[in-house]
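This report walks through one protein model, from a strand pairing to an aromatic cluster and then to the whole chain. Please look over the sequence and the structure first.

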Amino acid sequence: QLQLVESGGGLVQPGGSLRLSCVASGFTLDYYSIGWFRQAPGKEREGVSRISRSGYGVSYADSVKGRFTISRDNAKKTVYLQMNSLTPEDTAVYYCAAAMVGTSDYVPEEADFTSWGQGTQVTVSS
């Protein structure tokens with residue numbers, strides 16, 4: 001059974017950076033596309049970024065384009081989300097999720113992600 005664990009969240013000032021990690025266990029990560037999502041208090045969950053099984057297909061929400069970068073290291077069973085130029089609007093609990101659909105370069109739709117981690121808190125504040 002695939003299990004995902006997020007880490008790397010914390011408190012950062014506006015303009016700062018954080019790198020989130022999503023570590024998989026219980027299965028071979030190569031078989032899964034990975035997505036990052038976030039949920040702020042009182043708001044619905046929002047898709048942030050997705051990466052294909054191969055790592056060559058990527059997608060970003062408009063709100064994070066140019067600031068966030070998703071990457072994966074299948075040998076380490078880890079997917080990263082590098083977050084730069086953070087603003088208070090980025091404050092949320094960040095989750096990673098897995099999907100097992102499509103070809104190696106296919107970027108799944110948000111609805112395809114069915115396995116979820118517990119989340120890590122990111123707070124951007126002065």
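Strands β7 and β8 (residues 78–83) run antiparallel and are joined by 6 bridges. The model is a predicted one. Together, β7 and β8 make a hairpin, with 4 residues between them. Lys77 sits in the turn and has a positive phi of about 55°. One of the bridges can be named: Thr69 has Gln82 in β8 as its bridge partner.

Strand β7 covers residues 68–73, and its side chains alternate. Phe68, Ile70 and Arg72 point to one face and are buried. Thr69, Ser71 and Asp73 point to the other face and are not buried. The bridge partner of Gln82, Thr69, thus belongs to the face that is not buried.

**Arg72**

Arg72 is found in strand β7. Is Arg72 buried or exposed? Its relative accessible area is 15%, and the cut-off for buried is under 20%, so Arg72 counts as buried. Its contacts beyond four places in sequence fall in several stretches of the chain. They include Leu29, Asp30, Tyr32, Ser33 and Ile34. Also among them are Ile51, Ser52, Arg53, Ser54 and Gly55. Thr78 and Val79 complete the list. Asp62 is 10 residues from Arg72 along the chain, yet the C-alpha atoms of Arg72 and Asp62 are separated by 21 Å.

**Aromatic pairs**

The structure holds 2 aromatic pairs. Their geometry is set out below.

| Pair | Centre to centre | Angle between planes | Type |
|---|---|---|---|
| Phe37 and Phe113 | 5.5 Å | 70° | edge-to-face |
| Phe37 and Trp116 | 4.8 Å | 50° | tilted |

Ring pairs link Phe37, Phe113 and Trp116 into a cluster. Phe37 takes part in the pair with Phe113 and in the pair with Trp116.

Why does the pair of Phe37 and Phe113 tie together parts that are apart in sequence? Phe37 lies in strand β4 (residues 33–39), whereas Phe113 lies in the loop between β9 (92–99) and β10 (115–116), so the pair joins parts 76 residues apart. The pair of Phe37 and Trp116 also links distant parts of the chain. Here strand β4 meets strand β10, and the two residues are 79 apart.

Burial varies within the cluster. Phe37 and Phe113 are both buried. Phe37 has a relative accessibility of 3%, so it counts as buried. Trp116 is partly exposed, at 29% relative accessible area.

A charged residue joins this picture. Arg45 lies over the face of Phe37, at 5.8 Å from the ring centre.

**The whole chain**

How many helices and strands does the protein chain have? The count is 0 helices and 11 strands. Read along the sequence, the pattern is β-β-β-β-β-β-β-β-β-β-β.

The radius of gyration of the protein chain is 14 Å. A compact globule of 126 residues would have a value near 14 Å, so the chain agrees with that expectation. The C-alpha atoms fill a box of roughly 40 × 25 × 25 Å, taken along the principal axes.

Of the 126 residues in the chain, 42% are buried. The chain exposes about 6500 Å², and carbon and sulfur atoms supply 46% of that area.

Contacts in the chain can also be sorted by sequence separation. Among those between residues at least 6 apart in sequence, 61% join residues at least 24 apart.

Notes
Residues numbered from 1 in each chain as written. Predicted model: local features only at pLDDT ≥ 70, side-chain atom pairs only at ≥ 80, totals over all residues. Heavy atoms only, no water. Phe/Tyr/Trp six-rings, centres within 6.5 Å; stacked < 30°, edge-to-face > 60°. Buried < 20%, exposed > 50% of the residue type's maximum accessible area, 1.4 Å probe, protein only. Lys NZ or Arg CZ within 6 Å of the ring centre and 35° of its normal. Pairing = 2+ DSSP bridges. Rg over C-alpha atoms; globule rule 2.2 N^0.38 Å. Contact = heavy atoms within 4.5 Å. Areas by Shrake-Rupley, 256 points an atom, 1.4 Å probe, with all protein chains shown as cover.
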